[in-house]
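Subject: The structure I promised you

Hello,

Here is the structure we talked about, ready for you to open and turn around on your screen. Have a look at it, and then read on for what I found.

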Amino acid sequence: MTRLSFSCLVLLLQLSGSLALVVTPGDLAVLEGRSVTIPCHYDPQYIHHIKYFCQGRMKDFCTTLARSHDTGDAETEGSRVSIFDDPTQLVFTVIMMNMTEKESGYYWCGVEVGGIWHADDASSFHISIVHGMSVINTVVHGEEGDSITVECQYSIRHRESDKKWCRSGDWGSCVKTDYNGTFRNEVVVIQDDRRGAFTVTLMNAQKRDTGWYWCASGEQQVAIHVMVTPRVTTTVYTTTPTTAINPTSLVTEGTSLAPGAPPVRGLVHQHAWMPSFVICLALLLLLMGILAIHKLWKHYKRTQAAKQNEEVESSLAACPVREEDWKETTIIFLNTSTQQLQVLGRDKFNF
């Protein structure tokens, strides 16, 4: 009975510690020689509690690597492991630098709850130290004409290896660093820091440069996709200063603007009357042309009639008629006003 009670007590202690929440990232893979940053999130009730970071398969027997003060400052000065608490975001951050292969294993983010009746709240994850290569971004973007930079990371074992940059499917396109860890031409620049990373810069990138590439070191390689998009052009619109218009010049006939008077409804745009004016002027010129043609036609008819009368008179003057000739003569008169012929006999005239 005593043994059963003790087991139940231990179980209750474990459950009481698991009710609060500490959240860690999933399992991590880190290149040898590189650093890793680990965020550990905790419940608001643990804002003023001490946080710690330890290594080991079991929480109760793990080796503490870093432990925060009550003020949240880092405690492990000069160590490769640091811890920083940020109560405003409810997270404490652990930084491990220059990871080595022997540091692969299980780790714990924990919060000291305090008291023998309360177990610490903690969460575990696994870190694997690997050899090879990785990249910060597997897809990089840039516009035509830009310089696009790719960062390739490698483990400490590849520190002295040649670093290569190749286009996928074309191994003849590979370029590699020299003994100084550099390479440069008009298209590609490679720079190795000899500490775990090298950068590749594509100069004056063009649309044809879009595709898959390889970062390589020794026998290790990692793929990167480069996307070059057309440059976005922007149109700049400029405004021309306008001259202020006197409001009185916009008032229609019969209106006026007095100081303090309300806006006049007859205001129109300065050039709004131009189309109507042009149409009226054209109609006026057309009417004047018609009248001129009519007057010229009447003048022409009068001139022709006068000319015919002169011809008749001149004919009579050239051939005078005696009085006795009228008695045996029939005279035809042309009445120009009625356009009718009248034939008068000699008995109609008295000479």
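Let me begin with a term: two strands are said to pair if DSSP finds at least two bridges between them. With that in hand, here is an example: Glu143 stands opposite Thr229 in S19. Please keep in mind that this is a predicted model.

**The whole protein**

The protein has 2 helices and 21 strands. Its chain counts 351 residues, and 26% of them are buried. About 24,600 Å² of the protein is exposed, with 58% of that area coming from carbon and sulfur atoms. If you take the contacts between residues at least 6 apart in sequence, 55% of them join residues at least 24 apart.

**A sheet of five strands**

Try finding the open sheet of 5 strands whose order is S11-S19-S18-S13-S14, with mixed pairing. Its edge strands are S11 (139-143) and S14 (170-176), each of which pairs on one side only. On average, neighbouring strands of this sheet are turned by 30° against each other, direction ignored.

Now walk across the sheet. S11 and S19 (residues 220-229) run parallel and are joined by 5 bridges. S19 also pairs with S18, this time in the antiparallel sense, over 7 bridges. S18 then pairs with S13, again antiparallel, over 5 bridges.

How many of the 7 residues of S18 are buried? The count is 5, so to speak of S18 as mostly covered is fair, given that buried means under 20% relative accessible area.

Between S18 and S19 there is a hairpin with 2 residues between the strands, and in it Gly218 takes a positive phi near 65°.

**Trp165 and Tyr213**

The structure holds 8 aromatic pairs. One of them is formed by Trp165 and Tyr213, which are stacked: their centres are 4.9 Å apart and their planes differ by 10°. This pair links distant parts of the chain, with Trp165 in strand S13 (residues 163-167) and Tyr213 in strand S18 (residues 211-217), 48 residues apart.

Are these two residues buried or exposed? Trp165 counts as buried because its relative accessibility is 3%, and Tyr213 counts as buried because its relative accessibility is 6%.

The bridges of these two residues are worth a look as well. Trp165 stands opposite Cys215 in S18, while the bridge partner of Tyr213 in S19 is Ile224. When you follow a strand by eye, it helps to know that in a regular strand the side chains alternate between the two faces of the sheet.

Elsewhere, Phe53, Tyr107 and Phe125 form one aromatic cluster.

**A buried aspartate**

Next, go to strand S6 (residues 81-86), where you will find Asp85. Asp85 counts as buried because its relative accessibility is 16%. Which side chains does the side chain of Asp85 touch through polar contacts? One is that of Tyr42, at 2.9 Å, and another is that of Lys51, at 3.0 Å.

**Three residues in loops**

Tyr179 sits in the loop between S14 and strand S15 (182-184). Its relative accessible area is 70%, so Tyr179 is exposed. Tyr179 is 17 residues from Asp162 in sequence, and the two are 8.1 Å apart in space, C-alpha to C-alpha.

Asn98 lies in the loop between strand S7 (91-96) and strand S8 (105-111). Although Asn98 is not a glycine, its phi is positive, at about 50°. Asn98 counts as partly exposed because its relative accessibility is 44%.

Arg194 also has a positive phi, near 60°, and is a residue other than glycine. You can find Arg194 in the loop between strand S16 (188-192) and strand S17 (197-202). With a relative accessible area of 29%, Arg194 is partly exposed.

A good place to begin your own tour is the stacked pair of Trp165 and Tyr213. From there you can step to Ile224, the partner of Tyr213 in S19, and then on to S11, which runs parallel to S19.

Enjoy exploring, and write back with any questions!

Best wishes

Key
Residues are numbered from 1 along each chain as its sequence is written. This is a predicted model: local features need pLDDT of at least 70, side-chain atom pairs count only at pLDDT 80 or more; totals for chains, interfaces and linings use all residues. Side-chain values use heavy atoms; hydrogens and water are left out. Helices (H or I, at least four residues) and strands (E, at least two) are DSSP runs, numbered from the N terminus. Buried means under 20% relative accessible area, exposed over 50%, partly exposed in between (1.4 Å probe, protein chains only). Contact means heavy atoms within 4.5 Å. Accessible areas come from the Shrake-Rupley method with a 1.4 Å probe; for residues, only the protein chains shown count as cover. A polar contact is a pair of N or O atoms within 3.5 Å; within protein, one must be able to donate a hydrogen and the other to accept it, and residues adjacent in sequence count only if both atoms are side-chain atoms. Axes are lines fitted to C-alpha atoms, for helices over the stretch in contact, and angles run from 0 to 180 degrees between N-to-C directions. Rings of Phe, Tyr and Trp (its six-membered ring) pair if their centres lie within 6.5 Å; planes under 30 degrees apart count as stacked, over 60 as edge-to-face and the rest as tilted.
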